[in-house]
Structures are given as C-alpha cells and as structure tokens.
Amino acid sequence: MNNILDISIVIPTYNGAERLPNVLDALLKQIGVKDINWEIIIIDNNSLDSTANVFINYQGLYANNCCLKYFLEKQQGIAFARARGVKEAQGKFIAFLDDDNLPETDWVFKSYQFGQEYPQAGAWSGQIHGKFEVEPPENFSRIQAFLAVREDGQEVYKFDADNLRLPPGAALVVRKQAWLESVPQQLIFKGRLGKLMLSGDDTEALLHIHKAGWQIWYNPVMQVYHQIPSWRLEKSYLLNLARGCGLCIFQLRLINAKNWQKPMILCKTILGNLRRVLNHLIKYRRGLSSNLIALFEIEFYWASMMSPLYALRCYLSNKFVDNLDKL
C-alpha cells in the first residue's frame, strides 16, 4: 500500500463500544472500493468502556487495500479527536463518521469520486437521514439540521458559508491539504463538553477552509443514516442543544468578518434575534409550553442574542488566564 492513500475514514468515538460495531459492519459492506487504497481510523476519545476491544475484534476483517487503525486521544472533545484523526490520516481525502453514522454501501466510493471530480472542493457532505428510535415531534423538520439530519434534495450545490449555512461534522469529507493549510491547530470550540453543550467546532473548521478560498459542496448521492436515540428528542436535551448552538453564533460570524463589519454583526446578532424571539412569543403565545419545536427555536434565538456577551466572557476569562501564566 502506498504511503499516501486515496481516502481515510476517521471515526471519533467516546464510550462507543456498542455503537461502533454497526459502523464498522457498514464499512465492511462498501462496494466500488476494490481499486481504492483506504484506511479506517478509530479515534478513541478517552473512553471508559471496552471501545479498544472493538478494534481488536475487527482488526483482521478488511481487504488488503484497507486497514483498520486505532489511536487513543486523551484530550476530551470532538475537536481534539478530529484533529488527531487528521494528524494520523494518510489519505488524500479524510471522511469523518460519528460512531452513530451508518453509511450506505457506496458512501466511500461516492465520497472519493466527488473529491476527484471537484478539485476546488475543500469539503463536501451529502444527505444524512434520521434513523429514529421513537417518532420525532411534529414539525421536527424545522430543527432537524441541529441534530445532523440533512435532506436537501437531489441537486448538487455549493453551501452558503457566508451565512453559516454549512454541513455538520458528521459524515463530512475534507481534502487533507485544505484542512492542513486552513484550519488552526487550536480551535475556539472544542465540542459539546459540560452542561452548556457548546457547539460550533465543525462550523468553525469549515469557515477557515472557506476563508482560505476552498469551496464547500453538497453531494446528494452520498447518503448516511444517523441513529438518534429517544433521549435526544427529550425536551431537556433539545433545549440544552439549542442553547449550545446559539451561544457560539457571534464568534463564528467574526471568523470571516472584516474589522469594519464587526459593529454591524454585533447589532444584527442582538437586534435580529431579539426580533425573532418577540415574533415567536407573539405567534405561539397560546400553547407555547406544549410546542417543543417553537420552544427550541426561541431558546436558540435567545442564546444567539446573548452570544456577544458569551464571547466577551470567554475573552475576559482567557485574558485572566494569560495574565496568571505570566506571573
């Protein structure tokens, strides 16, 4: 096998001993990969279960043109796990799969083929279908993108990165060159750690790729099924998710902004989301407590409105730590 491979499949996982075998089984069934040199990399993000044993059980099951590797990443957070995956990957393209993502049998081939046909693409993603343990709430499609479900039709298109319309990190494929040239080693957002469940790590990386001049594409023939357990549709989880997604908005919008644009972004973030909150309160004033989707949207708008204050808090906290380090 050549030192430079065609594509690396990177699977970050935390306590994924029960979920991971389903992903590896799906990768064993891939078609169209006979002439592709590829690898599968498990990044164990400091798991407390028997994730390492899964690697041992599957290690010898893949064909000669594909190998399975395992690495332990002790720094907690999906951003650290992805960065470790990029470091270890030998593929020209790097495809990220979460440990609850089940790819279609041609997903690896379609992912590789698109990268070959679109040399200006720095990242690309396809359809992500929800595989729900329980029936989602009414009007769930309005918020499904927050749970990494994306079904945007059958036409190829370029994502609107300037307006933060970007794919999730789940089932995302990147050109390794684009990542290495564009994405800082230390991102602002580390993943959904702690009670805040702060998001933004995947969007942050993509914004840097976009800023460097690479294109980001939607390719509908790449299809993945996202397993969503019942607890991820419970009210407490969804509201925490909405809050975590909203609090990162202001910092994300600043990444590609010029200095003269920043005051306008500040005003737009506060006033625009205040208007959305008020409109929702008026529109759903009757029965709001029982409308989970409307509550989610209000929580997201409210957290987005507060995101400049959160950004200021982070800035002051970091300055305080820097000053302590200088003592």
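**View 1. Ala-121 stands opposite Gln-215 in β9.** This is a predicted model, and our first stop is strand β9, which covers residues 215-228. Strand β6 (residues 121-132) runs parallel to β9, and 10 bridges join the two. Ala-121 and Gln-215 face each other across this pairing. Move along the strands and you can pick out another pair: Gly-130 stands opposite His-226 in β9. How much of β6 is buried? Count 9 of its 12 residues, so β6 is largely enclosed by the rest of the structure.

**View 2. β9 also pairs with β5 and β7.** Strand β5 (residues 101-103) is joined to β9 by 3 bridges, and these two run antiparallel. Look for Asn-101, which sits opposite His-226 of β9. Then there's β7, which pairs with β9 in the antiparallel sense over 2 bridges. Here the residues to find are Lys-158 and, opposite it in β9, Trp-217.

**View 3. β6 has a pairing with β8 too.** These two strands run antiparallel and are joined by 3 bridges. To find your way around, start at Ser-125 and look across to Leu-172 in β8. As a bit of background, side chains in a regular strand alternate between the two faces of the sheet.

**View 4. Val-174 sits among the best-connected residues of the largest nonpolar core.** That core has 55 residues, and the ones with the most contacts inside it are Val-174, Trp-179, Ile-209 and Leu-241. Which helix gives the most to this core? That would be α10 (residues 292-326), with 7 residues. Now zoom in on Val-174: leaving out neighbours within four places in sequence, the residues in contact with Val-174 include Lys-92, Phe-93, Ile-94 and Phe-96. Trp-179 and Ile-209 are on that contact list as well. A second, separate core has 35 residues, among them Ala-95, Leu-97, Val-108 and Trp-124.

**View 5. Helix α3 has plenty of buried residues to look at.** The helix spans residues 78-88, and its buried residues are Ala-79, Phe-80, Ala-81, Arg-82, Arg-84, Gly-85 and Val-86. What do these buried residues pack against? There are strands, namely β1 (5-13), β2 (38-44), β3 (66-72) and β4 (91-96), and there are helices, namely α5 (176-182) and α6 (201-211).

**View 6. Glu-73 forms a salt bridge with Arg-84.** The closest N and O atoms of this pair are 3.4 Å apart. Glu-73 lies in the loop between β3 and α3 while Arg-84 is in helix α3, so the pair ties together parts that are 11 residues apart in sequence. Is Glu-73 buried or exposed? Its relative accessible area is 11%, and because buried means under 20%, Glu-73 counts as buried.

**View 7. Two more salt bridges are worth a look.** The whole structure holds 10 of them. In one, the side chains of Asp-152 and Arg-150 meet at 3.3 Å, N to O. Arg-150 is buried, with a relative accessible area of 14%, whereas Asp-152 is partly exposed at 34%. In another, Glu-299 pairs with Arg-243, and the closest N and O atoms are 2.9 Å apart. Glu-299 belongs to helix α10 and Arg-243 to helix α7 (residues 235-246), so this bridge ties together parts that are 56 residues apart in sequence. Arg-243 is partly exposed, at 27% relative accessibility. Salt bridges can also share partners, and that is how Glu-73, Arg-84 and Glu-88 join into one network.

**View 8. Leu-164 is tucked into a loop as a buried residue.** The loop in question runs between β7 (157-158) and β8 (172-175). Leu-164 has a relative accessibility of 18%, so it counts as buried. What does Leu-164 touch, apart from residues up to four places away in sequence? The list is Thr-203, Leu-207, Ile-249, Leu-252 and Arg-253. For a sense of scale, Leu-164 and Glu-135 are 29 residues apart in sequence and 29 Å apart in space, C-alpha to C-alpha.

**View 9. A nonpolar patch lies at the surface.** Leu-266, Ile-270, Leu-271, Leu-274, Leu-278 and Leu-281 make up this patch of about 470 Å². Ile-270 is found in helix α9 (residues 262-283). Ile-270 has a relative accessible area of 33%, so it counts as partly exposed.

Key. Residues are numbered from 1 along each chain as its sequence is written. This is a predicted model: local features need pLDDT of at least 70, side-chain atom pairs count only at pLDDT 80 or more; totals for chains, interfaces and linings use all residues. Side-chain values use heavy atoms; hydrogens and water are left out. Buried means under 20% relative accessible area, exposed over 50%, partly exposed in between (1.4 Å probe, protein chains only). Helices (H or I, at least four residues) and strands (E, at least two) are DSSP runs, numbered from the N terminus. Contact means heavy atoms within 4.5 Å. A nonpolar core is a set of buried Ala, Val, Leu, Ile, Met, Phe, Trp, Tyr and Cys residues joined through side-chain atoms within 4.5 Å. Two strands pair if DSSP finds at least two bridges between them. Patches are made of residues with over 30% relative accessible area and no salt bridge: like charges are joined within 9 Å, nonpolar side chains (Val, Leu, Ile, Met, Phe, Trp, Tyr) within 5 Å. Accessible areas come from the Shrake-Rupley method with a 1.4 Å probe; for residues, only the protein chains shown count as cover. A salt bridge is a side-chain nitrogen of Lys or Arg within 4 Å of a carboxyl oxygen of Asp or Glu.
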